[in-house]
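Please read the following report alongside the sequence and the coordinates. It takes up strand pairing, aromatic contacts, charges over rings and internal cavities in turn.

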Amino acid sequence: MFQSFEVTARPEQGPPRLAALRDELAREGLQGFLIPRADAHQGEYVAPRDERLAWLTGFTGSAGFCAALTDIAGVFIDGRYRTQVKAQVAQDYTPVPWPDVSLSAWLKEQLPNGGKVGFDPWLHAAGQISSAQKELEGSGVELVRCDNLVDRIWADQPDPPMNPVRAHPIEFAGESAESKIKRLASDLQSGDRAAAVITLPDSIMWLLNIRGADIAYNPVAHGFAILRGDGRVDLFMAAAKLTGIGDHLGPQVTQHQPDAFLTAVEALEGKVQVDPGTVPQIVADALGDRMVDGGDPCALPKARKNPAEIAGTAEAHLRDAAAVIELLCWLDAQKPSTLTETQVVTRLEESRRRDNALQDISFDTIAGTGPNGAIMHYRVTEETDSRLENGHLLVLDSGGQYLDGTTDITRTIAIGDVGDEEKACFTRVLKGMIAMSMLRWPVGLAGRDIECVARLPLWLAGQDFNHGVGHGVGTYLSVHEGPQRLSRVSHVPLEPGMILSNEPGYYREGAFGIRLENLVVVEEAPNLPSGDDERAMLNWRTLTYVPIDRRLIVVDMLSREERAWLNAYHRDVAEKVRPRLGDAAQLWLDAATAPV
């Protein structure tokens, strides 16, 4: 199994660890210390060595941080985790709704007389620290660089990952690393930049056409890179990781040990481009006034998938759809109360493993039945494993990492006889998903400009959900990829080739959850036959082909256009995926895709 169900953190472990951390605060003369869920590379996902937030507090979400002061410890979590955090942290910790409450505002309230709050400059992005410092001006609260105090007290902290790197074949990458380096270096030169510092693991993987295994479910390796305007790349990665790729990197790439990185940064001359949102504060300190905010040079080129990447992703989705449909067929044949969440997860992974191109799952499968479905990022464990009871909704969110693409799909499934209220809420979520799928929009709009389309059916009923409508997705890279997002905070214009999720939802704490998710790719929209406006428009092409549970749809709530979209989608599902299924799943699919 790729996925395990063991409990990785317990609330009762937090208080003694917090007490030990406060002893270190006293030794250092600090009034607090910041513990992010981050590593020195500033990616979203971290290796076991860097799970400091979970180790200290018990909170295992993929985003958040703790501000541990001498008399209060705030765990800052966004809307996705406000239910989860209640079950994972002890009473010694205080959940703080973030970003509704900012770190600086909270620190000023908790330290009215001022004080020094330490932070590890490797683990915080320069933009985060700069913003907080500005907001703290005049308050007497000072953020100070210091050693990592959690590492001091974590006696059995795991070693850094040292897994081998593999070359990513050109037939999947669609462009050689030499070509990528050349065009990005040219962009640096045209912008009068001598170099760019790259710390995000997926950016380095994309640039050099390599893949790693340092982080579970993410084919990335830890390292740093300096891209120079003359077309050279300095790669700071342990040599032992690179022994299996021969001369793949080519003469333009020079390998260095990771501990040489900061010295190399200090030696750079001229303007150096960085992304303040991801570059560690210690790197910004080393660059000083040579640092220029230009973003990660790989971010947008990586987001604009080329034809080979899109074709590979589309094919991976069809194979993945077959695996999911086989699971749904099997699940439908089981009676309520006979299965548990872990059995569903295990069976789904077994179904995906029949594909030899599968390298891993793309995240811990979310299989939340009944009240567990209301926990947006629920991870089932041996202790929380629940039975699928009659009347439950099962939220099943999963994905695979294939050599040719990354998948991410969510379906909400009826277990037995489901109530009318659940069906009405489900249909509103479906209407939002359909509305986004059908959307055409003018070139130049960002995710923040259109994401409300998927919320409108819920808003009209006085409902909403506390996560974005969609995130970017890589190609055999991270299942969460920036900078493209369908989010209120996303200012990045959507462009052809970008792959995103379309996943509205609705969650009622203690009762049920609903989420539907397809992946979609941005394309140039064809002109309408009757249109007299020649402005350029974009639209979506759907990549995910798995039936939507018709038993949960209140058909009378759908408009004629929505029914037409749903029936056309189900026809496509049957046409594209049926030949890939076994006999039983084919018969199940015929019924599941019947017109409404």
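## Strand β27 and its partners

In which sense, and over how many bridges, do β27 and strand β28 pair? In this predicted model, β27 and β28, the latter made up of residues 537-542, pair in the antiparallel sense over 5 bridges. Within this pairing, V520 stands opposite T542 of β28. Strand β24, which covers residues 499-502, is also joined to β27, here by 4 bridges, and these two strands likewise run antiparallel. One of the residue pairs between them is that of N502 with N518, its bridge partner in β27.

Strand β27 itself spans residues 518-524, and because 5 of its 7 residues are buried, it is largely enclosed by the rest of the structure. L519 lies in this strand, and it counts as buried because its relative accessibility is 0%, where the cut-off for burial is under 20%. The C-alpha atom of L519 is separated by 12 Å from that of A316, although the two residues are 203 residues apart along the chain.

## A three-strand open sheet

Elsewhere, an open sheet of 3 strands follows the order β15-β18-β19, with antiparallel pairing. Its edge strands are β15, at residues 358-361, and β19, at residues 405-406, each of which pairs on one side only. Between β15 and strand β18, which comprises residues 400-402, there are 3 bridges, and the two strands run antiparallel. In this pairing, the bridge partner that I361 finds in β18 is G400.

## Aromatic pairs

The structure holds 12 aromatic pairs. In one of them, the rings of F76 and W106 have centres 5.3 Å apart and planes at 85 degrees, so the pair is edge-to-face, an assignment that applies to angles over 60 degrees. F76 belongs to strand β3 (residues 73-77) and W106 to helix α4 (residues 103-110), so this contact ties together parts that are 30 residues apart in sequence. F76 counts as buried, with a relative accessibility of 0%, and W106 is buried as well, with a relative accessible area of 5%.

A second pair is formed by W122 and F224, whose ring centres lie 6.0 Å apart and whose planes meet at 40 degrees, so the pair is tilted. W122 is found in the loop between β5 (115-119) and α5 (126-136), while F224 is in strand β10 (residues 224-228), so the pair ties together parts that are 102 residues apart in sequence. As for their surroundings, W122 counts as partly exposed at 26% relative accessibility, whereas F224 counts as buried at 6%. Ring pairs also link F65, F76, W98 and W106 into a cluster, and F76 and W106 of that cluster form the edge-to-face pair described above.

## Charges over rings

Two contacts of arginine with phenylalanine rings can be described here. The charged end of R353 sits over the ring of F2, at 4.0 Å from its centre. R455, in turn, lies over the face of F465, and the distance to that ring centre is 4.1 Å.

## Internal cavities

The structure holds 4 cavities of 30 Å³ or more, and the largest of them has a volume of about 70 Å³. Its lining consists of 14 residues, among which H168, F172, A173, E309 and T475 lie nearest the centre of the cavity. The elements that give two or more residues to this lining are α7 (170-173) and α13 (307-332), and α13 supplies the largest share, with 3 residues. Divided by class, the lining of the largest cavity has 5 nonpolar, 5 polar and 4 charged residues.

The second largest cavity contains about 50 Å³ of space. The residues that line it are V197, I198, T199, L200, V274, D275, T278, V279 and D296. By class, this second lining divides into 5 nonpolar, 2 polar and 2 charged residues.

Methods
Residues numbered from 1 in each chain as written. Predicted model: local features only at pLDDT ≥ 70, side-chain atom pairs only at ≥ 80, totals over all residues. Heavy atoms only, no water. Phe/Tyr/Trp six-rings, centres within 6.5 Å; stacked < 30°, edge-to-face > 60°. Buried < 20%, exposed > 50% of the residue type's maximum accessible area, 1.4 Å probe, protein only. Lys NZ or Arg CZ within 6 Å of the ring centre and 35° of its normal. 1 Å grid on protein atoms, 1.4 Å probe; cavity = no way out; pocket = protein on both sides within 12 Å on 5 of 7 lines; lining within 4 Å. Points joined across faces, edges and corners; volume = space filled by probe spheres on them. Nonpolar A, V, L, I, M, F, W, Y, C, P; charged D, E, K, R; others polar. Pairing = 2+ DSSP bridges.
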